[in-house]
Amino acid sequence: MTNRDIAAVLREMALYYEMEGVAFKPAAYEAAADSIESSGLDAATLYEEGGRPALKKIPGVGEGISHHIEGLLKRGGFPEYRRLHKKYPIDVLTLTSIEDLGPKRAKVLYQKLKIKTLHDLERAATAGKIRTIPGFGVKTEEKFLKGIALKKSSHGRYLLGHILPIATKMEEELRRVSGVKHAVVAGSIRRRQETIGDIDILVTTSQPEKVMAVFVGFPEVAEVLEHGPTKTTVRLQNGCQADVRVIADESFGAALQYFTGSKEHNVVVRKMAIAKGLKLNEYGIWRGRKRLAAKTEEDVYKVLGLSAMPPEIRTASGEIEAAKKNRLPVLIPYGSVRGDLQTQTSWTDGEFSIAEMAAAAQALGLEYIAVTDHTRSLAMTGGLDEKKLWLQGREIDALNAKPSGFTILKGAEVNIMKDGSLDIDDEALKKLDVVGAAVHSHFKLSRAEQTARVIAAMKNPHLDVLFHPTGRIIGRREPIDLDIEAVIKAAKATGTAVEIDSYPDRSDLRDSHVRMAVELGVKLVIDTDAHATAHLKYLDLGVAIARRGWASTSDVLNTRPLAELLRWLRTPKNKRK
DNA sequence: GCCGTTTTCGGCCCGACTGTTTTCAGTCG
């Protein structure tokens with residue numbers, strides 16, 4: 001039982017208690033779930049080694065919840081969970097993942113219409129039954145259907161940020177199997193697409209059976225679908241499929257090229273081969289029966305007169321023409337971001353103190369972070385006002401006064417109000433090192449209104465970065481309706497940078513928008529939007545988006561050393577370059 | 001249910017928005 005499994009049960013408990021109308025317990029269970037999920041320590045190991053007292057060292061876990069976790073680990077459950085699950089035998093986690101459907105409504109839906117699953121909900125909504133329940137209307141019914149459709153449209157795809165760590169771990173472990181020469185993840189993961197269909201791993205080895213045995217034995221594997229010496233397919237616990245293909249070492253490059261895709265890219269490349277009287281397949285590039293190249297991707301592309309393109313840009317959208325002319329962009333390298341300019345702390349809805357976030361960032365090799373807690377009008381997070389921002393600044397000054405080789409910048413994630421004004425006054429903003437702003441309300445304005453609102457905000461002389469510009473949350477919330485080209489042009493005109501929010505389900509800006517920004521010469525910032533120390537490692541997911549958008553190091557402000565970054569930030573907006 | 005050099009008992013983030021209402025519950029973040 002992983003931390004994630006435990007957290008899921010605790011979240012379910014929180015929802016049941018909300019259905020019951022119990023006070024304070026929901027928040028306590030929710031807090032414990034968050035804490036366990038983001039804890040670097042494995043709860044099962046902790047319990048094994050130190051019993052319940054060790055579990056209670058996890059913040060938010062006390063007498064009661066530690067007993068429950070013990071029950072989960074030893075017996076797979078506990079009485080209170082069983083009692084509540086029996087009373088509400090519904091898939092409450094899935095149902096409440098639909099927007100505007102919370103525990104109270106889930107309870108009513110079960111009591112009135114016996115709705116237990118998403119499928120039940122869809123049937124009832126389609127049949128017009130939801131609107132018959134008091135307190136529910138036509139709009140609510142439509143909203144549920146929209147929510148279900150949104151969920152379905154992302155079905156079968158997994159977020160890169162969730163799958164990449166698993167795929168990388170498998171790749172590394174297969175590489176350690178004796179006889180293995182290459183083990184490489186190909187497909188959409190190698191291209192770092194924002195969502196992933198499945199995991200494809202290519203292996204060259206002298207001992208295929210051994211590799212396949214190790215593969216099907218991974219703890220993540222739920223079910224073996226195919227088990228052969230050259231191709232084995234499994235389904236993982238999370239539902240994602242994973243393939244291992246064993247290929248001949250002499251054609252590794254051709255296979256890697258073939259299985260990396262994209263499909264569209266490969267179609268164009270194969271057409272080029274045909275035009276030259278050649279044939280390209282996963283075994284090599286051929287003239288008749290003579291194999292001209294296959295060992296490495298570079299060799300294969302070279303036969304076609306192309307320099308090898310980074311996987312992230314193999315989308316058949318200009319990369320082949322650029323490769324032909326030897327004019328490929330030099331993409332920003334992974335690991336080149338020096339500091340994170342969007343982080344939240346326990347001053348608002350983050351889980352850790354400023355000092356803890358800074359220490360974790362420094363441990364990851366970063367040189368600086370900006371603390372950008374929410375501001376006043378985001379009241380539910382305890383958003384900061386001018387006074388609190390000043391107080392927070394004092395804490396930051398004190399931390400920076402200690403020699404550490406690391407710098408904490410003063411910042412904020414300011415709210416953009418409906419009219420485009422910011423919810424913190426200019427005097428206070430002026431004193432901050434980095435001012436970010438974002439839309440957190442009125443998501444449904446018309447395109448014209450929404451665009452005007454965001455552009456108005458960018459005209460503020462103190463706003464440095466537009467945070468997560470479209471506000472989307474993959475699989476959950478549609479982006480705000482924005483004329484993104486107008487916004488990016490306004491960023492250029494006003495000297496405002498735009499953010500790539502690396503947080504896995506945000507990925508905002510997305511690749512195509514980044515490319516537009518790069519082409520227009522707008523500066524980018526890559527941040528994690530970390531609400532916990534464990535989130536800081538997402539930076540490279542943002543670098544992946546930047547690479548998909550053809551960005552170079554010089555396009556991204558926070559690849560600069562601190563002094564250079566500060567020079568840009570302190571330059572009046574109309575003079576920034 | 002958790003937490004604590006202001007407390008071992010008494011607090012616990014709260015305002016805006018929406019859709020359903022005839023005064024407000026539920027949800028969001």
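This passage describes a sheet, the nonpolar cores and selected salt bridges in a predicted model.

In the predicted structure, seven strands form an open sheet with parallel pairing, and their order across the sheet is 11-12-13-14-15-16-17. Its edges are strand 11 (339-343) and strand 17 (524-527), each of which pairs on one side only. Within the sheet, strand 12 (residues 368-371) and strand 13 (residues 407-415) run parallel and are joined by four bridges, and I369 has I408 as its bridge partner in strand 13. Helix 17 (residues 354-363) packs on this sheet, where it touches strand 11, strand 12 and strand 13, and its direction makes about 150 degrees with that of strand 12.

The largest nonpolar core comprises 59 residues, of which I408, V414, M458, V498, V514, L524 and I526 touch the most other members. For L524, when neighbours within four places in sequence are left aside, the contacts are V498, I500, V514, A517, V518, A551, D555, V556, L557 and N558. Another core, of 45 residues, lies apart from the largest one and includes I6, A14, I90 and F136.

The structure holds 33 salt bridges. In one of these, the side chains of D100 and K143 meet with an N to O distance of 2.5 Å; D100 is placed in the loop between helix 6 (92-95) and helix 7 (103-113), whereas K143 belongs to helix 9 (residues 138-153), and the pair thus links distant parts of the chain, 43 residues apart. D100 is partly exposed, with a relative accessible area of 36%, and K143 is likewise partly exposed, with a relative accessible area of 43%. A further salt bridge is formed between K231 and E226, whose closest N and O atoms are 3.8 Å apart; K231 counts as partly exposed at 28% relative accessibility, as does E226 at 38%.

The salt bridge between D529 and R506, in which the closest N and O atoms are 3.4 Å apart, involves residues that both count as buried, because the relative accessibility is 4% for D529 and 13% for R506, and buried means under 20%. D529 lies in the loop between strand 17 and helix 23 (539-548), while R506 lies in the loop between strand 16 (497-501) and helix 22 (511-520), so the pair ties together parts that are 23 residues apart in sequence. In addition, E194, R472, R510, D511 and R548 are joined into one network by salt bridges that share partners.

How values were computed:
Residues are numbered from 1 along each chain as its sequence is written. Chains are lettered from A and ligands numbered from 1 in the order in which they are written. This is a predicted model: local features need pLDDT of at least 70, side-chain atom pairs count only at pLDDT 80 or more; totals for chains, interfaces and linings use all residues. Side-chain values use heavy atoms; hydrogens and water are left out. Two strands pair if DSSP finds at least two bridges between them. Helices (H or I, at least four residues) and strands (E, at least two) are DSSP runs, numbered from the N terminus. Contact means heavy atoms within 4.5 Å. Axes are lines fitted to C-alpha atoms, for helices over the stretch in contact, and angles run from 0 to 180 degrees between N-to-C directions. A nonpolar core is a set of buried Ala, Val, Leu, Ile, Met, Phe, Trp, Tyr and Cys residues joined through side-chain atoms within 4.5 Å. Buried means under 20% relative accessible area, exposed over 50%, partly exposed in between (1.4 Å probe, protein chains only). A salt bridge is a side-chain nitrogen of Lys or Arg within 4 Å of a carboxyl oxygen of Asp or Glu.
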